[in-house]
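Student: I am new to this structure and would like a close look at one part of it. Could you help me go through it slowly?

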Amino acid sequence: MARSKEFDPDAALQRALELFWERGYEATSMADLVERLGIARASLYATFGGKRELYLQTLHRYVRSRDPAVLDALSQPGPVLPAVRALIRTYAAESSGDDRRGCMVVNAAVELAPRDEAAAAFVEASWSHLETVLTSALTRARAQGELSEDKDPRALARMLLVFMQGMRVLGRTSGGAARLDDAAEQALAVLG
């Protein structure tokens, strides 16, 4: 008869997510995970697989918890551009805040995506989702007369995606709130 787990796998996965988000993949050892999760190494392997598998599970959890909020914010009825502007300003504020962990997807893009196909797939899926949501919102904005007919919603969405992820990278290394706020306002000026 199989033994029952003596820990909550969901809570352990959340603690692993926090640790990987704080330190990154490379700087987190199996010993760190065993200590933070409070479970035996054998239980960790049996439940989650190795360090890489656990990291990918935490990345998936992070994306699932964050991506729907953007869709919700940009798909509300009514004017669209105020919601897009609010999203950009939120990214700027979060990027220049005290939390230096940054965005776990951006962290994965910088640290792992160049050499790990699975991590790169998570990054690409998250960024494609954001691009699609922005494109859809900007298409609606153009149809509602909020955005000039000569503006290409997909190209604008791509520009905003690159800009938003760039803010996340800059925010990891700089306390320059004024820099990010100024840049956000210039990006928003493109929308009209």
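Student: The charged end of which residue sits over the ring of Tyr91, and how far is it from the ring's centre?

Tutor: Happy to help! This is a predicted model, in which local features need pLDDT of at least 70 and side-chain atom pairs count only at pLDDT 80 or more, while totals for chains, interfaces and linings use all residues. Residues are numbered from 1 along each chain as its sequence is written, and side-chain values use heavy atoms, leaving out hydrogens and water.

The residue you are after is Arg168, whose charged end sits over the Tyr91 ring at 4.0 Å from its centre. To count, NZ of Lys or CZ of Arg must be within 6 Å of the ring centre and within 35 degrees of the ring normal. Arg168 belongs to helix 8 (residues 153–173); a helix here is a DSSP run of H or I with at least four residues, numbered from the N terminus. Is Arg168 buried or exposed? Arg168 counts as buried because its relative accessibility is 11%; buried means under 20% relative accessible area, exposed over 50%, and partly exposed in between, with a 1.4 Å probe and protein chains only.

Now look around Arg168. Apart from neighbours within four places in sequence, Arg168 is in contact (heavy atoms within 4.5 Å) with Tyr91, Glu94, Ser95, Cys103 and Val106. Val106 is 62 residues away from Arg168 in sequence, with 7.0 Å between their C-alpha atoms.

A second arginine makes a good companion to this view: Arg101 lies over the face of Trp21, 3.5 Å from the ring centre. Trp21 also forms an aromatic pair with Tyr62 (ring centres within 6.5 Å, using the six-membered ring of Trp; planes under 30 degrees apart count as stacked, over 60 as edge-to-face and the rest as tilted). This pair is edge-to-face, with 5.1 Å centre to centre and 75° between the planes. It links distant parts of the chain, since Trp21 is in helix 1 (residues 9–23) and Tyr62 in helix 4 (residues 51–74), 41 residues apart. Both Trp21 and Tyr62 are buried.

Elsewhere, Phe20, Tyr25 and Tyr55 make up one aromatic cluster. Phe20 and Tyr25 are both buried.

How values were computed
Helices (H or I, at least four residues) and strands (E, at least two) are DSSP runs, numbered from the N terminus.
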